[in-house]
Amino acid sequence: MTVDVEVTLINDSVDATEKADIEKALASHDVDHIDYYDVSVLLKVNGDELGKLHKLNGKITVALAKVSDPAAGYSRQYFVVRDHEGTVTVLTEGVDFYIEDGVIYVISDEFSTYAVAYKNTLLPVPKAPETGDEAEAEGGAASVNASTAMVVAIAALTLVGAAIFAKRK
């Protein structure tokens, strides 16, 4: 007897009620995209399927979906939702799922319909560096003049000290 875990993309065949319940659970996150998956734990003997397990006694980790990079200038936040026997749960990243090497892994003991959603967020545009004109307008010339005066003062003190030292000899 073997136990196989199968993950199947079901975007075109997801149950309408499950889809609506999952979308409702994600409504506050304002997601840009959702993919739906059937996660099945199958019991097999000699390759023949005996049945599906929907709940296990302990949790296992399942590779659910590959993640993709967002467009340039955006960050991407992922959400995972499980609809198990009519109970919809938004899973917590770092507890119920994690992302590693471009793959979302789910840690669960319940297997049925899962959804992977993401939200793209525009990254803030970095402030352009100041040009010379702006620096001068904000006191740049004054700070250059102060630095020059400090260098001249140190040089003058050095010369005075050298002259006093030479006179003592």
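A polar contact, as I will use the term today, is a pair of N or O atoms within 3.5 Å, where one must be able to donate a hydrogen and the other to accept it. With that in hand, please look at the structure above, which is a predicted model, and find Ser-112, whose side chain is joined to that of His-84 by a polar contact of 3.2 Å.

Let me place Ser-112 first. This residue lies in the loop that runs between strand E8, residues 103–110, and strand E9, residues 113–122. Is Ser-112 buried or exposed? Its relative accessibility is 12%, and because buried means under 20%, Ser-112 counts as buried. If we leave aside the neighbours within four places in sequence, Ser-112 is in contact with Tyr-37, Asp-38 and Val-39, and also with Asp-83, His-84 and Glu-85.

That brings me to the partner, His-84, which stands opposite Thr-87 in E6. Strand E5, residues 74–84, and strand E6, residues 87–90, run antiparallel and are joined by four bridges. The hairpin that these two strands form has two residues between them, and there Glu-85 takes a positive phi near 55°.

Finally, let me return to E8, the strand on one side of the loop that holds Ser-112. Strand E8 belongs to an open sheet of three strands, paired antiparallel in the order E4-E8-E7. The edge strands, each pairing on one side only, are E4, residues 55–66, and E7, residues 97–100, and the twist from one strand to the next averages 20°. Between E4 and E8 there are seven bridges in the antiparallel sense, and Ala-65 stands opposite Ile-104 in E8.

Definitions and conventions: Residues numbered from 1 in each chain as written. Predicted model: local features only at pLDDT ≥ 70, side-chain atom pairs only at ≥ 80, totals over all residues. Heavy atoms only, no water. Buried < 20%, exposed > 50% of the residue type's maximum accessible area, 1.4 Å probe, protein only. Contact = heavy atoms within 4.5 Å. Pairing = 2+ DSSP bridges. Axes fitted to C-alpha atoms, helices over the stretch in contact; angles between N-to-C directions.
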